Amino acid sequence: MREPALETVAADGKALRGSRRGTESAVMLIGAMAQDGTLVAQQRVADKSNEIPALAPLLSVLDLRGVVVTADALHTQAETAKVLVEEMGAHFVLTVKRNRPALWEACRSIPWHEVTAVHKESGRGHGRLETRVTKVVTWGDLAFPYVRQVARVVRHRTVEASGKRTREIVYLITDLTSQRAAPEVVARYARGHWGVENKIHYVRDVTFGEDAARIRTGHGPQNVSTLRSIAINFLRWTGSSIADAQRRLALAPHKAPLDLFGVPADQQLSS
């Protein structure tokens, strides 16, 4: 299977809910997704730990020179930014939420009403209409290393079935300059990161039923999740619809897998 050319990498964690045993927590995995939806790295988060110390080891297996790494608010740490820029030669687009109150307030207090660099886009998916308005400003007055720009993304969502409307504000920080990342580019990076939910988590949970899996012993949950990831990557590489491939496999469980790999069904193994 070909290696994807890395332009962006989105890092995100996922709990395998069915792996929970008694009072023990569910197995947590952290993965890195390329812009085409390929999962390029995955590892288990150590028990009684969290995703933060697992990010650098996960990304260390990849060549990230010049690559833009996106991550959610949990990973918006000064040390993370330093490792990405100084040790890996990467760029970052990190999310700022209320878990970092001082940084959140610093981003919120920027005079956004004066910012004229704006990008607006709309889309529909999973029964929702969503409009995103992204404003970006060059801003170096933050207590966070290497920040060149700050973005504010306002997301308006409408649930089509009920008509319920919500509004959410998310801030982003990046070391990319305005020459490298205009508002529409920053919006694309943000959209790509949120795409992990659709391209990876949704497929695993809905199509492959990962949340319902009851595998709990040893490395079983991690190993089976890795096999699911390999299957998703391979089907995307072949250009096959994952749902269609599952239907073909169900109808011809002995022949369809061979067809996927281009192996003749009547091939004889020599003794």
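Me: What is the class make-up of the lining of the second largest pocket in this predicted model?
Reply: The lining has seven charged, six nonpolar and five polar residues. Of its 18 lining residues, Ser-25, Ala-26, Val-27, Asp-47 and Lys-48 lie nearest the centre. Ala and Val count as nonpolar and Asp and Lys as charged, so Ala-26 and Val-27 fall in the nonpolar class and Asp-47 and Lys-48 in the charged class, while Ser-25 is polar. The space in this pocket is about 370 Å³.

Me: What lies nearest the centre of the largest pocket?
Reply: Arg-191, Trp-194, Gly-195, Glu-197 and Asn-198 do, out of 35 lining residues. Helix 4 spans 183-207, so these five residues belong to that run. The volume of the pocket is about 920 Å³.

Me: Which element gives the most to the lining of the largest pocket?
Reply: Helix 4, with 13 residues. Other elements that give two or more residues are strand 1 (8-16), strand 2 (27-34), strand 6 (118-125), strand 7 (128-138) and strand 8 (149-159). By class, the lining holds 14 charged, twelve polar and nine nonpolar residues.

Me: Why is helix 4 called oblique to helix 5?
Reply: Helix 4 and helix 5 (residues 220-238) pack at about 120 degrees, with 11 Å between their axes. Perpendicular runs from 65 to 115 degrees and antiparallel starts over 145, so about 120 degrees falls between the two and helix 4 is oblique to helix 5. The crossing is right-handed.

Me: How do you know which residues of helix 4 and helix 5 meet?
Reply: Contact means heavy atoms within 4.5 Å. On the helix 4 side, Lys-199, Ile-200, Val-203 and Arg-204 take part, and on the helix 5 side Ser-225, Ser-229, Ile-232 and Arg-236 do. The contact has three nonpolar, two polar and three charged residues. Ile and Val count as nonpolar, so Ile-200, Val-203 and Ile-232 make up the nonpolar part.

Me: How many cavities are there, and what makes a space a cavity?
Reply: The count is three cavities of 30 Å³ or more. A cavity is a space where a 1.4 Å probe fits but cannot get out. The largest cavity has about 100 Å³, and the second largest has about 60 Å³.

Me: What surrounds the largest cavity?
Reply: Its lining has 14 residues, with Asp-12, Gly-31, Leu-39, Ile-200 and His-201 nearest the centre. Strand 1, strand 2, strand 3 (39-44) and helix 4 each give two or more residues to this lining. Its classes are seven nonpolar, four polar and three charged. Ile-200 is also one of the helix 4 residues that meet helix 5.

Me: What makes the class count for the second largest cavity come out as it does?
Reply: The lining is Leu-16, Gly-18, Ser-19, Glu-210, Ala-213, Ile-215, Gly-220, Pro-221, Val-224 and Arg-228. Gly counts as polar, so Gly-18 and Gly-220 join Ser-19 in the polar class. That class has three residues, beside five nonpolar and two charged ones.

Me: Which element gives the most to the lining of that second largest cavity?
Reply: Helix 5, with four residues.

Methods
Residues are numbered from 1 along each chain as its sequence is written. This is a predicted model: local features need pLDDT of at least 70, side-chain atom pairs count only at pLDDT 80 or more; totals for chains, interfaces and linings use all residues. Side-chain values use heavy atoms; hydrogens and water are left out. On a 1 Å grid over the protein atoms alone, a cavity is a set of points where a 1.4 Å probe fits but cannot get out, and a pocket is an open set with protein on both sides within 12 Å along at least five of seven lines; lining residues have an atom within 4 Å of a point. Grid points are joined across faces, edges and corners, and a volume is the space filled by probe spheres set on the points. Axes are lines fitted to C-alpha atoms, for helices over the stretch in contact, and angles run from 0 to 180 degrees between N-to-C directions. Angles under 35 degrees count as roughly parallel, over 145 as roughly antiparallel, 65 to 115 as roughly perpendicular and the rest as oblique. A crossing is left-handed if the near helix is turned anticlockwise from the far one by less than a right angle, and right-handed if clockwise.
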